[in-house]
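The following exercises concern one protein chain and the molecules bound to it. Please examine the sequence and the structure before working through the solutions.

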Amino acid sequence: MILITGGAGFIGSNFIFHLLENDTSNEKIIVIDKLTYAANIGNFDELKNDERFTLIKSDIIDPMIVKRTFDEFNPRAVINFAAESHVDRSINSPNEFIKTNINGTFNLLKCSLAYFGRLPDEASSQNQDDFSITPSKRSFKFIHISTDEVYGSLNYKEPPFTESSPYKPNSPYAASKAASDHLVRAWFRTYNLPTIISNCSNNYGPYQFPEKLIPLTILNATMGKDIPVYGDGKQVRDWLYVQDHCNAIISILNKGIVGETYNIGGNAEITNFELVSRICGILDELIPVESREIKKNHDHLIKFVKDRPGHDIRYAINNQKIYSELDWRPTENLETGLEKTVKWYLQNKKWTDSIKTKHYKDWIETNYGRR
Ligand code: NAD
Ligand code: TYD
């Protein structure tokens, strides 16, 4: 049994599908998710009758429900995806970020430690496969999914972030994630809770809520709406295809060393302007002119808008540690990953229609209002 928090969001959903598709041991998954605007339970339609999957609608800050979940389901690992995750929202209203990302993680750590203290030292099973999935002090892991944004901003020439780069978060989102990473580290050092932290770069792929740059660009372009590029569009991000991230988390779950931190990047640095231009190019190839909202190439929709306050210039990841210690590599490059992603959004109209709800409209309206 694995306890996954925030499993109804973008990366969590992809991770759950990945785990269930590739798992041969019939291991069960229990999800705790508050089902905020970023969640989509429609993602789980196909899992309704899957006995390996249970969803509990709850806040990770709730001590009673989290404790009861541990007692009832006996997980052998916790993977903490639950978070408020969007930088712009954290600038406009930081409260939820402090509550969920800091206090929520604090509660999860406390409940995990109490549960960990009750586990037997060793699993009793003789079977090696059983052993790794039977909860015991030896097998238990708390994996905290964090971000490269905790390291702050690089200039164009600085070397990529390593695991020993200093923490210098700049946005309320990054600061709240940095605080949660520090709590996770402290629970390992002080109480010996077997924790691991992963700090990954910007993810992209199926099921991402269209407030983030890539799905926003795809959906706006297909609707003939402006594609907003903040400032001069020269900020650089490193893009990690979500399936590659899921594989990295599985490597960490299976082989990661407790107390360690692993950086995870996609080796795909690109400026925002270049990125949205490439997406427009892919859309030009996939959508015939006659079926376009406006009969022009998609890049005519790109509009430079007011910059994000405190906008970080560049993030970049040094992958050496996870390469050498866990033998993980990203399998997609930006070209293949972007093409898959654009096709997914074009082919999954039911999902994109369900997402174009009040929340998405609110987001577009408030955001445009700000500019
Ligand atoms: P997301 O916003 O798509 O999903 C977050 C999920 O957490 C949602 O299902 C939401 O309902 C749930 N949630 C929010 N508050 C909760 C609470 N108090 N209790 C329980 N559930 C709650 O986020 P994502 O993009 O899937 O990111 C997952 C994790 O990965 C986050 O911790 C994020 O900081 C980290 N991360 C994301 C990226 C990225 O590019 N998306 C990059 C680096 C790190
Ligand atoms: P985003 O997807 O919000 O991720 P993050 O802020 O966590 O990196 O943004 C990625 C980059 O794209 C970031 O530099 C901000 C920029 N951006 C735009 O230029 N326009 C947009 O509409 C959005 C949402 C982001």
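**Exercise 1. Determine which helix gives the most to the lining of the second largest pocket, and describe that pocket.**

Solution. Helix H12 gives the most to this lining, with four residues. H12 covers 349-355, and H1 likewise supplies at least two residues of the lining; helices (H or I, at least four residues) and strands (E, at least two) are DSSP runs, numbered from the N terminus. The model is predicted: local features need pLDDT of at least 70 and side-chain atom pairs count only at pLDDT 80 or more, while totals for chains, interfaces and linings use all residues. Residues are numbered from 1 along each chain as its sequence is written, chains are lettered from A and ligands numbered from 1 in the order in which they are written, and side-chain values use heavy atoms, with hydrogens and water left out.

Next, the volume: the second largest pocket holds about 420 Å³ of space. Among its 16 lining residues, Gly42, Asn43, Asp45, Glu46 and Tyr207 are the closest to its centre. On a 1 Å grid over the protein atoms alone, a pocket is an open set of points with protein on both sides within 12 Å along at least five of seven lines, a cavity is a set where a 1.4 Å probe fits but cannot get out, and lining residues have an atom within 4 Å of a point. Grid points are joined across faces, edges and corners, and a volume is the space filled by probe spheres set on the points.

Finally, the lining divides into six nonpolar, five polar and five charged residues. Here Ala, Val, Leu, Ile, Met, Phe, Trp, Tyr, Cys and Pro count as nonpolar, Asp, Glu, Lys and Arg as charged, and the others, Gly among them, as polar.

**Exercise 2. Characterise the shell around ligand 1.**

Solution. First, 28 residues surround ligand 1 (a heavy atom within 4 Å). The closest are Ile11, Asp33, Ser85, Tyr173 and Lys177. By class, the shell has 13 nonpolar, eleven polar and four charged residues. H1 (10-22), E5 (141-147), H6 (172-191) and E7 (202-204) each supply at least two of them, and E5 gives the most, with three.

Second, consider polar contacts (pairs of N or O atoms within 3.5 Å). A nitrogen atom of ligand 1 is 2.9 Å from a side-chain N or O atom of threonine 100. An oxygen atom of ligand 1 lies 2.8 Å from a backbone N or O atom of asparagine 203. Taken alone, ligand 1 exposes 830 Å², of which the protein buries 97%; accessible areas come from the Shrake-Rupley method with a 1.4 Å probe.

**Exercise 3. Identify the residues nearest to ligand 2 and the polar contacts of this ligand.**

Solution. Of the 16 residues around ligand 2, Glu149, Asn202, Pro228, Arg308 and His311 come nearest. Strand E8 (227-230) and helix H7 (213-222) each supply at least two residues of this shell, and the largest share, three residues, comes from E8.

Oxygen atoms of ligand 2 serve in the contacts: one is 2.5 Å from a side-chain N or O atom of glutamate 149, and one is 2.9 Å from a polar backbone atom of leucine 213. Taken alone, ligand 2 exposes 500 Å², and the protein buries 97% of that.

**Exercise 4. Describe the second largest cavity.**

Solution. The second largest cavity holds about 50 Å³. Its lining includes Glu149, Arg308 and His311; these residues are also among those nearest to ligand 2. By class, the lining has three nonpolar, four polar and four charged residues.

Methods: Polar contact = N/O pair within 3.5 Å; in protein donor to acceptor, adjacent residues only side chain to side chain.
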